[in-house]
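Please work through the exercises below with the structure open beside you, trying each task before reading its solution.

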Amino acid sequence: MGIPLIQGLRVGGYILRQKLRGRKRYPLVLMLEPLFQCNLECAGCGKIAYPKEILEQRLSAADCLAAADECGAPIVSIPGGEPLIHEEIQQIVEGLVARKKFVYLCTNALLLRRKIDLFTPSPYLTFSVHLDGDRCHHDKAVCREGVFDKAVEAIREAQSRGFRVTINSTLFDDADPESCATFFDFACHELGVEGVTVAPGYAYEKAPVQAQFLRRERTKKLFREILRLGRGRKWRFNQSSLYLDFLAGNQSYRCTPWGNPTRNVFGWQRPCYLIDEGHAASFKELMEQTDWDAYGPGAHEKCANCMVHCGYEPTAVDDTVSHPWKALRVALFGPRTDGPLSEDALSQPQPVGSGDRRDAA
């Protein structure tokens, strides 16, 4: 796995503390979107369709740091849009690092070489660079030629300066297992990134192209084939082994959207980073006044084919802490790539106890 020991220990300790306090719902990763504006127009993006006045809005550095304090999650992912466009991105990152949050700054890397002097290498800062495959596949996905080469150059520059660098890859229905395997070889062994975060694309309603999105059974079969090809190739994934096992159709997990709460220019997005069902004015309101039982496969049509990490990685991490030997077995031997696929865990109402107010911490 491509997760440093210090991060694994800190996050594991955080989860154990939540369990000891009896909290059923708690945040693991804050999805902090300080802007929607981007310098690319990717076919699978759900953000570029916003009107100009929305794309020009920003969360201030003070807003971002207040959100991190309010939420309390040990990890902060900064997606967008393109965060490096933000005029206060240096102050945002410095403030989060000072709070010892593990920061993943998600970027297409077009501006990274120009902006890199704004940042200081730290075990708490990682550049998560968007690469959806090899040169041909990635440039097609982002609808612009030359982006792959610029991203690779920026990755090498960041690595040479001592920064942590990972790759964030989204797979769509046209993904070819052999090509994915070759790309992961390149990323982990030739490019030498710390790890790869991989997930199936989510079918954003506003995305310009809809035919490319994966359905659940296709997702499971695709990841089984990719992971079968990966045996012995020593790929490093910046994810829990049980989430990969879930993608391969071996775990019946329910989505835990509160694990990765989203703060953006509109407020705290309900219920998750992917689905916009309105916004709460505070994190406390998000946690206490969201009808969480209304979401997930079997409960909401927008959730039917979603297997994205922002909803299911928190479930897998919680399961890892609860069942470490199961997780270790998968980490050592890899996900099972044959046999029957697991049945999907359909959402059912969760029991509400007297201690649920504590879940907002």
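The exercises that follow concern a predicted model, and each task is followed by a worked solution.

**Exercise 1. Describe the second largest pocket: its volume, its lining and the elements that contribute to the lining.**

Solution. Begin with the space itself, which comes to about 380 Å³ in the second largest pocket. Next, turn to the walls, where 17 residues form the lining, and where Gly230, Trp235, Ala331, Gly334 and Pro335 are the ones nearest the centre. Then assign the lining to elements: those that give two or more residues are α10 (241-247) and α13 (324-333), and α13 gives the most, with four residues. Finally, sort the lining of this pocket by class, which yields 10 nonpolar, four polar and three charged residues.

**Exercise 2. Find how many cavities of 30 Å³ or more the structure has, and characterise the largest cavity.**

Solution. A search of the whole structure returns two cavities of 30 Å³ or more. The largest cavity holds about 120 Å³ of space. Its lining consists of 17 residues, and nearest the centre of the largest cavity lie Cys255, Cys272, Ile275, Cys303 and Cys306. When the lining of the largest cavity is traced back to elements, helix α12 (residues 309-322) supplies the largest share, namely three residues. Sorted by class, the lining of the largest cavity has 14 nonpolar residues, two polar and one charged.

**Exercise 3. Work out how α12 and α13 are arranged relative to each other, and which residues make the contact.**

Solution. First take the geometry: the two helices, α12 and α13, pack with their axes 5 Å apart and at an angle of about 110°. Because angles of 65 to 115 degrees count as roughly perpendicular, α12 is roughly perpendicular to α13. Then list the partners, which are Asp319, Thr320, Val321 and Ser322 on the α12 side, and Pro324, Lys326 and Ala327 on the α13 side. By class, this contact between α12 and α13 comprises three nonpolar, two polar and two charged residues.

**Exercise 4. Count the salt bridges, and explain what the pair of lysine 19 and aspartate 318 ties together.**

Solution. The count for the structure is 19 salt bridges. As background, side chains of opposite charge can pair when their charged atoms come close. In the pair at issue, the side chains of lysine 19 and aspartate 318 form a salt bridge with an N to O distance of 3.0 Å. Since lysine 19 belongs to helix α1 (residues 5-20) and aspartate 318 to helix α12, the pair ties together parts that lie 299 residues apart in sequence.

**Exercise 5. Inspect the backbone at glycine 81, proline 271 and cysteine 143, and place each residue in its loop or strand.**

Solution. Start with the bond between glycine 80 and glycine 81, which is a cis peptide bond with omega of about 5°; glycine 81 sits in the loop between β2 (75-78) and α4 (89-98). Continue to the peptide bond from arginine 270 to proline 271, which is also cis, with omega near -10°, and note that proline 271 falls within strand β8 (residues 267-271). Lastly, examine cysteine 143, a residue other than glycine whose phi is positive, near 60°, and which is placed in the loop between α6 (135-141) and α7 (147-160).

Terms used. Residues are numbered from 1 along each chain as its sequence is written. This is a predicted model: local features need pLDDT of at least 70, side-chain atom pairs count only at pLDDT 80 or more; totals for chains, interfaces and linings use all residues. Side-chain values use heavy atoms; hydrogens and water are left out. On a 1 Å grid over the protein atoms alone, a cavity is a set of points where a 1.4 Å probe fits but cannot get out, and a pocket is an open set with protein on both sides within 12 Å along at least five of seven lines; lining residues have an atom within 4 Å of a point. Grid points are joined across faces, edges and corners, and a volume is the space filled by probe spheres set on the points. Ala, Val, Leu, Ile, Met, Phe, Trp, Tyr, Cys and Pro count as nonpolar, Asp, Glu, Lys and Arg as charged, and the others, Gly among them, as polar. Axes are lines fitted to C-alpha atoms, for helices over the stretch in contact, and angles run from 0 to 180 degrees between N-to-C directions. Angles under 35 degrees count as roughly parallel, over 145 as roughly antiparallel, 65 to 115 as roughly perpendicular and the rest as oblique. Contact means heavy atoms within 4.5 Å. A salt bridge is a side-chain nitrogen of Lys or Arg within 4 Å of a carboxyl oxygen of Asp or Glu.
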